[in-house]
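Take a look at the structure below. How is a chain like this put together, and which side chains meet in it?

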Amino acid sequence: MKIKHSRVDRMILGVNNIFLCLAVLIVLVPLVYIVIASFMNPTVLLNKGISFNVSDWSLKGYKIILSNPAMVRGFMNSILYSVGFAVITVMVSISAAYPLSVKGFVGKNVFMTMFVITMFFSGGLIPTYLVVKNLGMLNTVWAILLPGAINVWNIILARTFFKGIPNELYEAARVDGASDLLIFFKLVLPLSKPIIFVLALYAFVGQWNSYFDAMIYLEDPSLHPLQLVLRSILIQNQASPGMISDQLAMAELKKLSEMIKYSSIVISSLPLIVMYPFFQKYFEKGVMVGSLK
């Protein structure tokens with residue numbers, strides 16, 4: 001059945017469509033530019049800009065990056081850190097959120113207040129570093145996986161989602177003799193796929209884009225994630241006039257840096273672009289139900 005809109009409604013929908021198209025262009029144009037620039041000959045890119053002529057394209061940037069063993073090792077490390085961090089974060093978040101959503105749980109308001117306080121006040125970098133050091137986690141995988149695993153905002157989202165589950169389901173399960181653990185694993189978790197996927201996506205993306213923690217806690221280059229490896233590559237390929245006396249050599253290095261920069265962005269963004277369509281069907285539902293009630 002076709003809905004009839006008034007003139008004012010049509011005007012509002014038209015304005016909304018224009019703004020949505022502009023928003024799509026704002027996101028899409030830089031993305032397309034970066035992808036095309038990563039395949040272009042750096043000389044053509046610097047002199048003429050973007051070209052759709054295939055003869056001006058080159059795979060040299062990708063060959064340089066992928067031929068670097070540190071790049072491949074960093075990619076695998078980032079996968080390990082991101083997946084491990086997402087698993088730990090989801091487990092901790094839902095384990096903390098479920099008791100806080102149960103009616104009759106003694107002291108849940110006190111615990112929730114303590115959690116919320118940490119959102120506004122933190123010890124800072126130096127105390128955190130000392131804690132990691134005293135626990136013997138420096139230069140280990142655990143220095144990346146554990147310090148930021150507890151996220152209060154994720155706990156709040158999960159708690160709100162759990163509160164949205166009808167209370168009649170809990171009562172029916174208890175009538176059947178189910179314990180709290182059985183209710184959690186057999187009832188709550190199967191119904192919580194949207195919020196679990198949302199929390200996992202948040203954690204994966206946040207860890208994938210992170211490099212500062214690795215720069216602080218990891219000294220062994222074999223443990224560095226992809227973002228830190230890319231940072232090192234880009235810094236090493238930056239040149240200043242005082243560093244190179246030969247202007248031709250400096251110009252070539254600038255071209256190479258430009259090519260590596262765009263190719264690195266595409267490679268580092270590829271896993272997120274690939275995985276997002278699989279999470280999209282859960283994303284909207286999980287965010288809306290978890291944040292609005």
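The text below goes from the overall fold to single residues and ring pairs.

This is a predicted model. The protein holds 14 helices and 0 strands. Read from the N terminus, the order of elements is α-α-α-α-α-α-α-α-α-α-α-α-α-α. The protein has 293 residues, and 34% of them count as buried. Now consider contacts between residues at least 6 apart in sequence. Of these, 72% join residues at least 24 apart. The accessible surface amounts to about 18300 Å². Carbon and sulfur atoms account for 68% of that surface.

Start on the outside. Which residues form a nonpolar patch on the surface? They are V15, I18, F19, L22, L25 and V29. Together they offer about 580 Å² of accessible area. I18 can serve as the example. It sits in helix α1, which spans residues 7-39. Its relative accessible area is 52%. The cut-off for exposed is over 50%, so I18 counts as exposed.

Next comes charge. Side chains of opposite charge can pair when their charged atoms come close. How many salt bridges does the count give? The count comes to 1 salt bridge. D180 and R174 form a salt bridge through their side chains, with 3.8 Å from N to O. The limit for such a pair is 4 Å, so the 3.8 Å between D180 and R174 falls within it. Is this bridge made by buried or partly exposed residues? D180 is partly exposed, at 49% relative accessibility. R174 is partly exposed too, with a relative accessible area of 40%.

Now move to helix α4, residues 69-101, where N77 lies. N77 has a relative accessibility of 12%. Buried means under 20%, so N77 counts as buried. What does N77 touch beyond its neighbours within four places in sequence? Its contacts there are S222, L223, H224 and P225.

The aromatic rings come next. The count gives 8 aromatic pairs. One of them joins F75 and W208. Their ring centres lie 5.7 Å apart, and the planes stand at 85°. Edge-to-face requires over 60 degrees, so this pair counts as edge-to-face. The pair links distant parts of the chain. F75 belongs to helix α4, whereas W208 belongs to helix α11, residues 193-208. The two are 133 residues apart. Their exposure can be compared with the cut-offs as well. F75 is partly exposed, with a relative accessible area of 27%. W208 is buried, at 0%.

W208 has another ring partner, F204. The centres of these two rings are 5.9 Å apart, and the planes meet at 10°. Stacked means under 30 degrees, so F204 and W208 count as a stacked pair. Where do the two sit relative to each other along the chain? They are 4 residues apart in helix α11, so about one helical turn separates them. F204 is buried, and W208 is buried as well.

A further group of rings remains. Ring pairs link Y98, F161, F162, F184 and F185 into a cluster.

To retrace the route, begin with the nonpolar patch that includes I18. Go on to the salt bridge between D180 and R174. Then find N77 in helix α4. Follow F75 across to W208 in helix α11. From W208, step to its stacked partner F204. End at the cluster that includes Y98 and F161.

Note on methods
Residues numbered from 1 in each chain as written. Predicted model: local features only at pLDDT ≥ 70, side-chain atom pairs only at ≥ 80, totals over all residues. Heavy atoms only, no water. Buried < 20%, exposed > 50% of the residue type's maximum accessible area, 1.4 Å probe, protein only. Contact = heavy atoms within 4.5 Å. Areas by Shrake-Rupley, 256 points an atom, 1.4 Å probe, with all protein chains shown as cover. Patch = residues over 30% accessible without salt bridge, like charges linked within 9 Å, V, L, I, M, F, W, Y side chains within 5 Å. Phe/Tyr/Trp six-rings, centres within 6.5 Å; stacked < 30°, edge-to-face > 60°.
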